[in-house]
Amino acid sequence: MKKRNAYIAILAAMTMTAASCGKSFLDEEPSLSVSVGSAILTEGNMLEAMNGAYRAMTPTLLFGRNVPLFGDLLADNVYLSISNSNRLVPMNNYTFVGSSAEAAGIWANAYIAIQQANRVISSQLTASNNVNQMAGEAHALRAICYFYLVNYFAKPYAENPEADGVPVVTLPSSETGALIKPARNKVSEVYAQIVSDLEKAYELMPATGMTIHPNNSNFFSKYAAKALQARAYLYMGEWAKARDAAAIVEKDGGYSLAGTEAAFNTYWGGNVARTDKLETIFELNYNSTANLGVEGLDAIYSRAAVGDMLVTDELYNLYAATDRRRGLIVPGQRGGLDVLYVNKYQNTGIADRDEVKLLRYAEVLLILAESHARLGNDTEGQKYLNMVAQNRDASFAGYALTGQALVDATITERRKELAFEGLRLFDLYRQNATFNRPNMGVKAHSSYVEVKTTDFRRLQPIPEAELAANPNMRKNLGY
């Protein structure tokens with residue numbers, strides 16, 4: 001695969017802005033205040049750079065709110081209340097344009113995080129468990145950024161793997177020089193980089209013996225890398241590879257689902273990293289010195305904070321009355337109207353906010369269910385699907401479906417299980433079908449109901465600043 005090892009033009013200015021971020025992340029010093037050209041000469045330097053890479057993932061314009069929110073808002077799970085704070089109106093209305101600040105924010109912040117990861121990956125430190133762990137984390141972090149970039153800015157792999165993707169940047173600017181102007185790699189090339197990075201991450205990270213920072217859900221692990229690889233293979237339609245990657249996590253990762261309703265509710269009410277491998281595989285930390293206040297994902301959903309984004313009736317009605325996940329949606333009132341609030345993020349009233357969950361064990365089981373179902377292994381597909389569905393609803397007798405009906409059920413369970421975590425839009429796109437966003441009438445700010453396969457707004461616009469600075473960059477048609 002031909003890679004374009006270059007530095008995205010708009011990052012020079014953006015890096016200066018990012019350098020002013022707060023000084024605390026997971027009780028360790030971040031490195032966005034350190035020049036991206038600084039040499040990594042010690043494990044301490046590498047740790048600082050790696051902390052900076054994690055910190056670069058956390059802004060509101062990236063994983064702190066917009067990336068996970070848009071995956072539900074642009075789909076059929078969430079809508080903007082008629083009583084709102086005027087945040088993100090164009091995204092709700094599908095009226096975003098080439099100058100969209102939201103698209104530019106995702107693009108620029110993701111490449112800042114990638115550039116930080118590139119510094120770590122390119123370091124020449126002698127291998128050790130600590131060095132290998134951090135290098136593996138950097139590969140995984142780069143992969144997850146590319147996963148969301150290619151899914152927001154390019155056509156789905158299942159639709160056209162040869163379509164324009166996003167530029168693949170694999171070397172730090174200290175090696176390439178700043179402001180080299182890359183073209184877009186193909187979607188297939190971006191996915192190849194994602195898969196390769198995750199395989200390297202899995203190989204590098206030791207199973208035990210890493211001492212440089214805590215082994216918890218706020219950091220990428222071997223099995224987090226393998227879980228993300230399973231997701232990437234699923235989106236590529238590589239069912240056997242998705243099955244095999246997810247099976248490694250299920251067999252060797254040591255993760256579990258909450259065994260009781262009380263444990264499930266306690267899990268979602270928590271605001272600290274997991275060290276027990278319950279439910280969460282990887283999540284981002286928003287502690288008392290790093291939370292985003294009213295601009296966080298928790299605040300945009302919470303009725304105790306901004307509360308602009310509400311749950312569609314269609315989604316709520318998918319849950320049986322005995323499904324414990326239904327309790328993560330709370331009926332209430334807004335502007336005198338009966339509405340439904342998201343209650344997955346419950347700690348907006350305190351300084352140490354909820355983590356933003358990016359990989360969970362339930363998704364791994366659903367990947368196993370879907371990949372087996374698509375391969376015609378109905379019995380195994382039913383088994384893994386029911387591991388999730390019956391855990392969440394103890395009164396449910398279980399699925400006994402086969403063929404396409406079983407595949408469809410896995411997609412529905414993904415919608416129910418992963419709601420408000422940002423994957424619904426991509427699940428709709430990878431099926432390459434027209435879909436409808438429920439019309440919530442007078443409760444909603446406005447309605448853009450039918451999203452056709454021919455709608456150019458299925459892709460976010462390549463930022464105008466990038467197009468102006470980089471003559472090799474092609475825009476997405478329609479903008």
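In the predicted model, buried residues account for 61% of the 479 residues of the protein. The surface that remains exposed amounts to about 16700 Å², of which carbon and sulfur atoms supply 51%. The 46 positive and 49 negative charges have mean positions that lie 4 Å apart.

The secondary structure of the protein consists of 19 helices and 8 strands. The radius of gyration is 21 Å, close to the 23 Å given by the globule rule for 479 residues, so the protein is as compact as a globular protein of that length. The C-alpha trace extends over about 55 × 45 × 45 Å along its principal axes. Of the contacts between residues at least 6 apart in sequence, 73% join residues at least 24 apart.

Two helices were examined individually. Helix H2 comprises the 14 residues 43–56, and the distance between its end C-alpha atoms, 20 Å, agrees with the 20 Å expected at 1.5 Å a residue. Helix H2 is largely enclosed by the rest of the structure, because 10 of its 14 residues are buried. These buried residues are Met-46, Leu-47, Ala-49, Met-50, Asn-51, Gly-52, Ala-53, Tyr-54, Arg-55 and Ala-56. The packing partners of the buried residues of H2 are three elements of helical type, namely H3 (60–64), H6 (101–121) and H7 (129–153), together with strand S2 (280–284).

Helix H10 covers residues 222–236 and contains 15 residues. From its first C-alpha to its last, H10 reaches 21 Å, close to the 21 Å expected at 1.5 Å a residue. Burial extends to 15 of the 15 residues of H10, and the helix is accordingly described as mostly covered. Just after H10, a positive phi of about 80° is found at Gly-237.

Among the strands, S5 spans residues 337–342 and includes Tyr-341. The relative accessible area of Tyr-341 is 4%; because the cut-off for burial is under 20%, Tyr-341 is classed as buried. Tyr-301 lies 40 residues from Tyr-341 along the chain, yet the C-alpha atoms of the two residues are separated by 6.8 Å. Tyr-301 is also one of the contacts of Tyr-341 once neighbours within four places in sequence are left aside. The other residues in contact with Tyr-341 on that basis are Arg-303, Gly-307, Leu-310, Val-311, Leu-328, Ile-329, Val-330, Gly-332, Gln-333 and Arg-334.

Notes. Residues numbered from 1 in each chain as written. Predicted model: local features only at pLDDT ≥ 70, side-chain atom pairs only at ≥ 80, totals over all residues. Heavy atoms only, no water. Helix = DSSP H or I, 4+ residues; strand = E, 2+ residues; numbered from the N terminus. Rg over C-alpha atoms; globule rule 2.2 N^0.38 Å. Buried < 20%, exposed > 50% of the residue type's maximum accessible area, 1.4 Å probe, protein only. Contact = heavy atoms within 4.5 Å. Areas by Shrake-Rupley, 256 points an atom, 1.4 Å probe, with all protein chains shown as cover. Lys, Arg positive; Asp, Glu negative; His and termini not counted. Charge placed at Lys NZ, Arg CZ, Asp CG, Glu CD. Expected span 1.5 Å × (residues − 1).
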